[in-house]
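Trainee: Please give me a close look at one part of this model, and then follow the contacts and the chain outwards from there. I would like one connected account.

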Amino acid sequence: MDDDSDPVVPVFFLSDSTGISAETMGNALLIQFPDAKFERTTIPFISTVEHAREVVAMLDEQMEGAVTPLVFTTAAEDGVREELNRTRAPLIDFFGMHMQRVESILGRSGRREAARLHGVGDIQRYNSRMAAVEFTIEHDDGQSLRAMDRADVILLAPSRCGKTPTSMYLALQHGLFVANYPLVDEDLERSDLPGPVAAYADRCWGITTNVDRLSRVRNERRPGSRYASPEQCRWELRRAKQLFEAYRLPVVDSSAKSVEEISALILQNRTSRAKAAERVRRTQEENPA
């Protein structure tokens with residue numbers, strides 16, 4: 001069946017909270033079907049049985065159509081979940097299918113509160129993430145150099161390589177204090193790390209991309225400029241690569257990776273770095289000079 005004849009599958013993400021969890025888990029499954037066409041609708045904050053009943057009526061109406069819809073839900077409140085499960089539409093209940101299993105392993109019942117899906121129930125963790133976001137916003141694109149010693153991660157890259165979205169994802173999803181520093185011509189003409197980050201090489205990661213993508217993205221911002229020319233992009237990327245190699249910085253290529261993938265690679269490497277540093281520390285303690 002060719003692309004023009006493929007039916008569009010209606011997809012619904014239901015939640016008694018923001019819907020982010022339903023979207024994340026549902027989309028993780030949908031991306032495994034790259035040739036299928038989906039029309040996504042998120043219905044968040046289904047907080048009452050009455051609202052759930054209205055959603056069920058809408059889903060049952062969808063079942064009268066030519067294409068069977070897909071429905072993903074992470075509703076935590078029992079009354080809402082039970083009502084949603086009355087729909088004739090095929091419903092994939094992430095919360096229900098996993099919660100009972102976890103409860104059986106732990107030997108205790110969970111609270112089944114919607115707010116807890118996104119960490120509001122854990123005030124300390126929530127506040128920590130908000131502090132990380134504030135730090136990351138302040139230190140976006142080299143705007144502030146204050147308290148750089150608090151940074152968990154420092155991202156280095158030429159302009160428009162993906163530093164900002166990666167920084168915000170790491171802060172919001174993982175609570176990391178992230179600074180990102182743009183490598184401008186003056187930095188790239190030298191062979192040393194820029195002064196503000198020189199003392200923190202062990203927290204630095206390089207981000208790179210390819211010339212075509214960088215030129216295209218920059219042209220959207222400054223069409224026809226030297227800044228966006230392939231020659232300038234090629235020079236900046238080459239000099240950045242040389243700098244990263246000189247200081248043995250881990251590098252992530254953002255040209256074909258999502259923010260989630262880039263972040264996962266940084267987190268993985270951060271763990272490896274921490275383990276290596278711990279091994280060095282122990283060796284030094286066991287074999288003092």
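**From an arginine to the cores and the loop before β5**

Mentor: Leaving out residues up to four places away in sequence, R213 touches S254 and S255. The model is a predicted one, and what follows should be read with that in mind. The arginine belongs to helix α8, which covers residues 211-221. R213 counts as partly exposed because its relative accessibility is 26%, and the cut-off for buried is under 20%. A further reference point in that stretch is A256: its C-alpha atom is 9.6 Å from that of R213, although 43 residues separate the two along the chain.

A contrasting case is S167 in helix α6, residues 163-174. Its relative accessibility is 1%, so S167 counts as buried. A polar atom of its side chain is placed 2.8 Å from the backbone oxygen of K163. Beyond four places in sequence, the contacts of S167 are T136, L155, V178 and N180. V178 leads on to the nonpolar interior, since residues of this kind fit a general pattern: in soluble globular proteins, nonpolar side chains tend to be buried together.

Now the interior. The largest nonpolar core holds 21 residues, and I154, L156, L183 and V197 have the most contacts inside it. Two or more residues come from each of α5 (123-138), β5 (153-157), β6 (178-182) and α9 (230-246). Another core, of 16 residues, lies apart from the largest one, and V178 is among its members, along with C161, I207 and L237. V178, which S167 touches, is thus listed in this other core.

I154 shows what surrounds a well-connected member of the largest core. Not counting residues up to four places away, I154 touches M148, A179, V197, Y200, R203, C204 and W205. V197 therefore appears twice, as a contact of I154 and as one of the residues with the most contacts inside the core.

The loop between α5 and β5 comes next. D141 is found there, and its phi is near 55 degrees, a positive value in a residue other than glycine. D141 is partly exposed, because its relative accessible area is 40%. A147 lies in the loop between α5 and β5 as well, and its phi is likewise positive, near 55 degrees. At 23% relative accessibility, A147 also counts as partly exposed.

Salt bridges are found around this loop. In general, side chains of opposite charge can pair when their charged atoms come close. E138 pairs with R146, with the closest N and O atoms 2.9 Å apart. E138 counts as partly exposed at 27% relative accessibility, whereas R146, with a relative accessible area of 53%, is exposed.

A second salt bridge starts from D152 and reaches R270, the closest N and O atoms being 3.6 Å apart. D152 sits in the loop between α5 and β5 and R270 in helix α10 (residues 259-286), so this pair ties together parts that are 118 residues apart in sequence. Partly exposed is the class for R270, because its relative accessible area is 32%, and for D152, because its value is 25%. Elsewhere, E278, R281, R282 and E285 are joined into one network by salt bridges that share partners.

R81 and D78 give a local pairing to set against the one between R270 and D152. The closest N and O atoms of the R81 and D78 salt bridge are 3.4 Å apart. R81 and D78 are separated by about one helical turn, because they are three residues apart in helix α3 (residues 78-84). R81 counts as buried at 13% relative accessibility, while D78 counts as partly exposed at 32%. The count of salt bridges comes to 14.

The surface has a nonpolar feature too. V102, I105 and L106 form a patch with about 300 Å² of accessible area together. I105 is found in helix α4, residues 94-106. I105 is exposed because its relative accessible area is 59%, and the cut-off for exposed is over 50%.

To return to the start: R213 is partly exposed and touches S254 and S255, while S167 is buried and touches V178, a member of the core of 16 residues.

Notes:
Residues numbered from 1 in each chain as written. Predicted model: local features only at pLDDT ≥ 70, side-chain atom pairs only at ≥ 80, totals over all residues. Heavy atoms only, no water. Helix = DSSP H or I, 4+ residues; strand = E, 2+ residues; numbered from the N terminus. Buried < 20%, exposed > 50% of the residue type's maximum accessible area, 1.4 Å probe, protein only. Polar contact = N/O pair within 3.5 Å; in protein donor to acceptor, adjacent residues only side chain to side chain. Contact = heavy atoms within 4.5 Å. Core = buried A, V, L, I, M, F, W, Y, C linked by side-chain atoms within 4.5 Å. Patch = residues over 30% accessible without salt bridge, like charges linked within 9 Å, V, L, I, M, F, W, Y side chains within 5 Å. Areas by Shrake-Rupley, 256 points an atom, 1.4 Å probe, with all protein chains shown as cover. Salt bridge = Lys/Arg side-chain N within 4 Å of Asp/Glu carboxyl O.
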